[in-house]
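Welcome! Please take a look at the chain below, and then join a visitor and a guide as they talk it through.

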Amino acid sequence: CSLGPTEELLRIGRQCWGLDGLEGTAAEQAGQVLRLLATEEVLLIYDNAIAVDVLAEWLPPEGKAHVLVSSVSRDWGPPLFQEWNPDGLQPLSRQSGEALVELIAGRKAADQLGDQLLRSAGGLPMQIIPSAQALGRLARNGRLNRAEFLISQEAENSFALPWGLLNSTARLLLQAAAGLNTDAMAESEVLLPVAEALGGQRCVEDALDECRDLHLIEGIGSLRIHQLLANFVAAQPAEPSSHGAS
């Protein structure tokens with residue numbers, strides 16, 4: 001919905017309910033479709049929403065519908081930010097992850113390699129699903145012993161978007177963090193080496209805030225980054241500092 005969802009909502013109305021004869025402007029017709037959607041148990045996905053004001057008027061009224069929004073914008077302020085409270089990368093529960101692997105890869109593959117797959121994926125569906133699909137293919141061909149758990153293209157593409165938004169200091173900070181214990185890092189343990197390499201503390205603190213804004217680093221005092229993100233960062237070319245450090 002980077003250009004607004006009007007046409008897409010009208011297409012949903014035509015394809016799902018045969019609504020070809022609605023009256024009013026395109027926006028008014030789309031509003032009618034939206035109100036109809038609210039009466040159904042549907043998942044309405046708004047992809048690549050560029051700003052709150054583009055989307056706010058297109059939330060369905062209270063009812064049965066659910067909404068999923070994706071965006072790379074940092075400007076999701078009130079009221080939606082407080083109401084939705086995005087929490088960054090959230091893993092599936094262990095039980096849900098195991099069920100997903102078995103559903104996609106089959107029982108044999110899940111029993112033999114499900115634990116290893118879930119650990120490598122860190123509970124993220126965008127890594128679990130393609131890895132489980134690959135496991136399923138190997139199982140059908142009797143080649144489970146050849147399984148490798150590499151970062152999926154889906155995960156790499158997802159991480160590449162915020163990575164491309166970071167300045168060189170923030171990238172250097174993430175690269176330093178990726179080599180530490182990603183589940184529990186002292187803030188000073190991450191900041192000091194980069195500050196020494198760059199010759200200053202202020203810009204490094206700003207870079208840490210930038211990473212927090214994009215949910216690439218979580219926490220204050222004790223920091224953590226998702227292991228799958230750390231794997232992605234570690235595979236990126238070394239980020240040179242202005243003082244020649246890497």
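Here is their conversation, one question at a time.

Visitor: How many helices and strands are there in the chain?
Guide: Before we count, keep in mind that this is a predicted model. The chain has 246 residues, and buried ones make up 36% of them. As for its elements, the count comes to 12 helices and four strands.

Visitor: Which element gives the largest share of the largest nonpolar core?
Guide: In soluble globular proteins, nonpolar side chains tend to be buried together. Here the largest nonpolar core has 31 residues. The elements that give two or more residues to this core are α8, α9, α10, α11 and α12. The largest share is six residues, and the element that supplies them is α9.

Visitor: Which residues touch the most other members of that core?
Guide: Let's start with Leu173, leaving aside its neighbours within four places in sequence. Leu173 is then in contact with Val190, Leu191, Val194, Val204, Ala207, Leu208 and Cys211. Two of these names come back in the answer, since the members touching the most others are Leu166, Leu173, Leu174 and Cys211.

Visitor: Is α9 largely enclosed or largely open?
Guide: The buried residues of α9 are Thr169, Ala170, Leu172, Leu173, Leu174, Gln175, Ala177 and Ala178. Their cover includes α8, β3, α10, α11 and α12. Because eight of the 11 residues of α9 are buried, this helix is largely enclosed.

Visitor: Which residue has a side-chain oxygen that reaches the backbone nitrogen of Thr169?
Guide: Look at the start of α9, where this contact is found. Thr169 itself is one of the buried residues of α9. The oxygen comes to within 3.1 Å of that nitrogen, and it belongs to Asn167.

Visitor: What covers the buried residues of α12?
Guide: First, find the residues in question: Leu228, Leu229, Ala230, Phe232 and Val233 are the buried ones in α12. The helices that cover them include α6, α7, α8 and α9.

Visitor: Where in the chain do the two partners Arg94 and Asp115 lie?
Guide: Side chains of opposite charge can pair when their charged atoms come close. Arg94 and Asp115 meet in a salt bridge, with N and O 2.2 Å apart. The pair links distant parts of the chain, 21 residues apart: Arg94 is in helix α5 and Asp115 in helix α6.

Visitor: Is Arg94 buried, partly exposed or exposed?
Guide: Buried means under 20% relative accessible area and exposed means over 50%, with partly exposed in between. Asp115, its partner, has 42% and is therefore partly exposed. Arg94 has 41% relative accessibility, so Arg94 too counts as partly exposed.

Visitor: Which residue is linked with Arg94 and Asp115 in a network of salt bridges?
Guide: A search of the whole structure finds seven salt bridges. Some of them join up into a network that holds Arg94, Asp115 and one further residue. That residue is Glu98.

Visitor: How far apart are the closest N and O atoms of Asp206 and Arg202?
Guide: Both residues lie in helix α11, four residues apart, which is about one turn of the helix. Asp206 is partly exposed at 43% relative accessibility, while Arg202 is exposed at 62%. They form a salt bridge, and the distance between their closest N and O atoms is 4.0 Å.

Notes. Residues numbered from 1 in each chain as written. Predicted model: local features only at pLDDT ≥ 70, side-chain atom pairs only at ≥ 80, totals over all residues. Heavy atoms only, no water. Core = buried A, V, L, I, M, F, W, Y, C linked by side-chain atoms within 4.5 Å. Buried < 20%, exposed > 50% of the residue type's maximum accessible area, 1.4 Å probe, protein only. Contact = heavy atoms within 4.5 Å. Polar contact = N/O pair within 3.5 Å; in protein donor to acceptor, adjacent residues only side chain to side chain. Salt bridge = Lys/Arg side-chain N within 4 Å of Asp/Glu carboxyl O.
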